[in-house]
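Here is a friendly walk through one protein model. Please keep the viewer open as you read.

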Amino acid sequence: GYKKKCIHATTNRHTKLSPLNQKGVVMATVPKNLTSDVFSEENPPMDWADIGFLIPHEAIRRQMTAMNDSMEALADGSPKEGEEWKILYFSEWYLDYFYISVEEHHDVEENLYFPWVKERAAYPEKEFSRSHEELLAMMDGMKEACETVIFKKGKDCANEVSILKHTVPTFVSDMRIHLAEEETNMPEILRENFTSEEEKVIVQKIIQGGGLEMAKVFLPAVILAVEEWGSPQFNKEFMASIPPPIRHLVTKYFIPDFKNVAMQMRDAPTMETEPKLAKVGCCGIPCCFPCIL
């Protein structure tokens, strides 16, 4: 299937790497637990060009897998009396975390990253089976359904449940193909036209542009994913690359809140009892950033 096509397209890339282009991030060990349809233990990422796309993509794929699991567990029709929390929590997670994260990821690619690539290289738009616009249209449909669920407080929302249960699997499948196409096509373009140092500059612009909102809703997912698939050395270097003030907020507040609130809301349809959502308590300092956010 598509996975074989992607692997075939990348199996010979390692022999084309020059010593200059090999500068940058190199995995200390072969990464495990990858969700990629392109890279695996048999076909591991080898350099900064491969790794660059895996960092956000692995986080997105893990969130999509959990989202799919929740929709499979959610019963058809309107929720039973007393179980409205299942679809309500899921809808809040989708709106407050997933939609914002993926929309920002697409906006960054369209408005910053790909224009930067096009300055020196041809961008293979025709090779991508689904455009960002098509994927975002599906996301907007799910967003509307989630907003309606919240407006109805989870009652009499059989239509919205049906929309989500039918749209989520299609979106996840199409999005996985789209991410795999980027992981197949883009690394070689980067190697041939840019250096790892140049790519680091554009990545820093992306991080700065995301601000504290992305640090709160998406960076925890990225860090938790890196912990699962990256080597200990790579994980250490990745954390060190995050500016200290942001790293403090993410470590002390945003990751615990992501685990205890966001992930609980996301997985609510799979649960038998309503989860207790608990955010990290305020430090007590006036104008505390976590409280403001």
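The notes below cover two helices, a cavity, and a few individual residues.

This is a predicted model, in which local features need pLDDT of at least 70 and side-chain atom pairs count only at pLDDT 80 or more, while totals for chains, interfaces and linings use all residues. Residues are numbered from 1 along each chain as its sequence is written, and side-chain values use heavy atoms, with hydrogens and water left out.

**Two helices**

Helices here are DSSP runs of H or I with at least four residues, numbered from the N terminus. The expected span of a helix is 1.5 Å times one less than its number of residues. A bend at a residue is the angle between axes fitted to the seven residues ending there and the seven starting there.

| Helix | Residues | End-to-end C-alpha distance | Expected span |
|---|---|---|---|
| α3 | 84-118, 35 residues | 48 Å | 51 Å |
| α6 | 196-217, 22 residues | 27 Å | 32 Å |

The span of α3 is close to the expected value, although α3 does bend by about 45° at E109. Helix α6 falls short of what a straight helix would reach, and it bends by about 95° at G211. The buried residues of α6 (under 20% relative accessible area with a 1.4 Å probe, protein chains only) include S196, E199, I202 and G210, as well as M214, A215, K216 and V217.

**The cavity**

How many cavities of 30 Å³ or more does a search of the whole structure find? The search finds one. A cavity is a set of points on a 1 Å grid over the protein atoms alone where a 1.4 Å probe fits but cannot get out, and its lining residues have an atom within 4 Å of a point. Grid points are joined across faces, edges and corners, and the volume is the space filled by probe spheres set on the points. The largest cavity has a volume of about 60 Å³. Its lining includes the aromatic residues W93, Y97, F98, F218 and F258, along with Q63 and S101. Helix α3 gives the largest share of that lining, five residues, and α2 and α3 each supply at least two.

**Individual residues**

N43 sits in the loop between α1 (2-10) and α2 (48-73). N43 counts as buried because its relative accessibility is 5%, and its side chain reaches the backbone oxygen of V38 at 3.0 Å. That pair is a polar contact (N or O atoms within 3.5 Å, one able to donate a hydrogen and the other to accept it; residues adjacent in sequence count only if both atoms are side-chain atoms).

C146 is buried at 0% relative accessibility, and C157 is likewise buried at 0%. With a disulfide taken as a pair of cysteine sulfur atoms within 2.5 Å, the count comes to zero.

Methods:
Buried < 20%, exposed > 50% of the residue type's maximum accessible area, 1.4 Å probe, protein only. 1 Å grid on protein atoms, 1.4 Å probe; cavity = no way out; pocket = protein on both sides within 12 Å on 5 of 7 lines; lining within 4 Å.
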